[in-house]
Amino acid sequence: MDRKEIVALVLAGGKGTRLKDLTRKNAKAAVYFGGKYRIIDFVLSNIANSGINNVGLVIQYESVELTNYVANGKIWGFDGNNSSFTILSPRQKEDSQDWFLGTADAVYQNLDFLEDLNPKYVLILSSDNIYKMNYSKMLKALIDVDGDMAISTINVDLKEATRFGILETDENNVLINFEEKPKKPKSTKASMGIYIFKYETLYDALVHDHKDKDSEHDFGYDIISYLLKKNKKIISYPFDGYWKDVGTIDSLYQSNMELVDDINLLDLYDYNDKFNIYSEDTRSLPSYVGKKAVIENSMVNQGSIILGEVYHSMIFGGVEIKEGAVVKDSIIMPNTVIQPNVTVKNAIVSRNLTISNDINNEEEARGVSLVSKDA
Amino acid sequence: MPRVLGIVNLHGYCELEEVTSRSIGATPLLGRYSIIDLALSNYSNSGISNCAVLVGKHLRALARHLNNSNVYTDNPKLGSTTLLYNEEFHDQEIYNTDLNNLIENKFIFEEDNFKYVIITPCKYLFRLNFNELLHQHEKRGSKITLVYKKINNADKEFIDAYTVDVDQRTTNKKIRAISVNNGDKKTNNIYLETLIINRDVLERIMSHADKYGHVFNLTEVIANHLDELEADSFYYEGYLKRISDLKEYLSASIDLLNIENLYELTNRSWPIYTKTHNTPPARYLEDADVSNSFISNGSIIEGKVINSIICRNVIIKKGAVIKNSIVFSDTTIHEGVILENAIIDKHVDVQIKKEIIGTKERPVYIKKGDKI
């Protein structure tokens, strides 16, 4: 049989500390987004829609809910022919038993998984970004120039550039220099944390990195620097579209609200768009909107019962907004109940809660409030 | 639990099917389901995971809905939903009976060792844990048990429905006769066309069908042999609605907008299972004005929707007013259009025709794909 073209390795081991209570008992990848989805639905759907059928999901932190959710990958169709969906958690080995020490170490420890598949290329990506992308185009760009590695990049504002890995490239998009979170960015081309490697290139780099005691075992910095030093051909693949890192409460809120505000964002409502985002089906009734309900400028998922007022908000499945309740500029996560005559403003309310008291964060300077207990 | 084959019987004349050219089983219910989901979910929630669907006609939409994956079972290796179709006689009305379909497809009896067969139609909306029916049937040692409900508005509803005359004097309330409701009295026993029958009894009926010339349906045969079959009765007390034509389809749908009625049919412990279409949450724009309605995912609402059911991916534009209506999936209702007592099928564009107004008695139906 021909050698497999490409397999995907998704890094979902992170804790996501900046999502606070939302990730206290849940991996960041399984956090809710967009009224219906989990963050990881975007990456896994992208992989499936790109025609890539073999996925390894690297997990570590509080992974039970995530593992339950992804199961055998059926939601995104990874249970078809010539497909596989493998959960890769830290394991005991004959001569070691280590947690993953960083992104590069996580991949290094799973080299045997890659060896079994023996692909020509490996796609490595994180699981906590919201975007739609066809990775096969990125692969083609890499193959066309017979490159060793491709890094997907997005243009950011100069002042934002200090937060990212910044790429300096020549006129052919070939990488000249890479700087992680530079104080004085030399360009505005930021790494999106999406990489495609020639398998042999990746293998070499990881083995070398593992032996390097001074390395932080981070993909972004350590691996790329090493490959640059070895004169490997690294290209940047420019991405043009919506892409958001939702690793903080504020960015999670903003991104959800951006979706509420812009119907064309992510083309979710484009019925001809075959690049669908797949998610778990919750077998709910369609959303019921009551006699006195008011819903404006909002997104409301099925299974919800809206008897009160909802303005400029994101309502997840199974949520009950009782009569007289008012929800404004907020995100209400699944199965939460907002009791009668309660007002919720400017908040992210976590799931399975009952809110009996007003949540009114008028002070915008304080940022959006996160409610993660009954209130 | 003994093995039971759960059959959904789609045979029998149904005016709604004639109008929409679609099987009643594949007709949308509450926006996101198909009516057959209710029957199959009753089976699934009752622990019956081997099902067969007797298809009379209009196979296409039904096959599309049921193919690909079995969402009605706890274990897809153990559960199954088989479509049974009478290929030889599907286009000859007189021979296209449920009984003939069973005879044509009797392989299903050879491939499994179930002890009982339960048969239920789609035209009745009800919720029944079939274990209760099974339990009574077994306890009494019955051969066949028919399910009925006593109603008090038989002069207005369920006209022409099969009824049963139950002998209340005996301990086992035997069925004395099966007839038809002609609306002449207020109280009547509506036969839900739902029954449980011992496998060997059903097989005997099937093998003797030659005597009947293959032109009688199962209910007619049972009606003619009630004594011999010692037909028993099971009293159903729950919610019941019939969907036989546009009027009943619309009125039953609107009746279910009342959440108390809805919970009679389904709730968290008795869910309705259906195929997922991966549609995004419904979107309400600035001018959306929705009241007492079901809104399915993927829809974009900018107009006014009252007492209605909106299926998936429907676009209701600003200034449109939808009242007491059902809009099937992928349809767009453009600016300023008024719908009242209307049923709009899929992939329709209502734009130029600004008013589509029917009555409760005679709802207006716009067929699939029309651009008006």
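This is a short tour of helices in chains A and B of a predicted model.

Residues are numbered from 1 along each chain as its sequence is written, and chains are lettered from A, with ligands numbered from 1, in the order in which they are written. Local features need pLDDT of at least 70 and side-chain atom pairs count only at pLDDT 80 or more, while totals for chains, interfaces and linings use all residues; side-chain values use heavy atoms, with hydrogens and water left out.

**Stop 1: H1 of chain A**

Select residues 39-49 of chain A, helix H1 (helices are DSSP runs of H or I, at least four residues, numbered from the N terminus). Of its 11 residues, 10 are buried (under 20% relative accessible area, with a 1.4 Å probe and protein chains only). Among them are Ile39(A), Phe42(A), Leu44(A) and Ile47(A), and also Asp41(A), Ser45(A) and Asn46(A). Then select Gly51(A), just after H1(A), where phi is positive at about 80 degrees.

**Stop 2: H5 of chain A**

Move to residues 135-144 of chain A, helix H5, where Tyr135(A), Met138(A), Leu139(A) and Leu142(A) are buried. These residues lie on the same side of H5(A) because they cover an arc of only 100 degrees around the axis (taken from the directions from the helix axis to the C-beta atoms). Lys137(A), Lys140(A) and Asp144(A), on the other side of H5(A), are exposed (over 50% relative accessible area). Just after H5(A), Asp146(A) has a positive phi of about 50 degrees.

**Stop 3: H6 and H7 of chain A**

Select residues 199-211 (H6) together with residues 219-229 (H7) of chain A; the two helices pack at an angle of about 110 degrees, with axes 10 Å apart (lines fitted to C-alpha atoms over the stretch in contact, with angles from 0 to 180 degrees between N-to-C directions). H6(A) is therefore roughly perpendicular to H7(A) (65 to 115 degrees). To see the contact (heavy atoms within 4.5 Å), show side chains including Leu202(A), Ala205(A) and Leu206(A) of H6(A) and Phe219(A), Ile223(A) and Tyr226(A) of H7(A).

**Stop 4: H2 and H3 of chain B**

Go to chain B and select residues 35-45 (H2) and 59-66 (H3), which pack at an angle of about 50 degrees with their axes 11 Å apart. H2(B) is therefore oblique to H3(B) (not under 35, over 145 or from 65 to 115 degrees). Ile36(B), Asp37(B) and Leu40(B) of H2(B) meet Leu62(B), His65(B) and Leu66(B) of H3(B).
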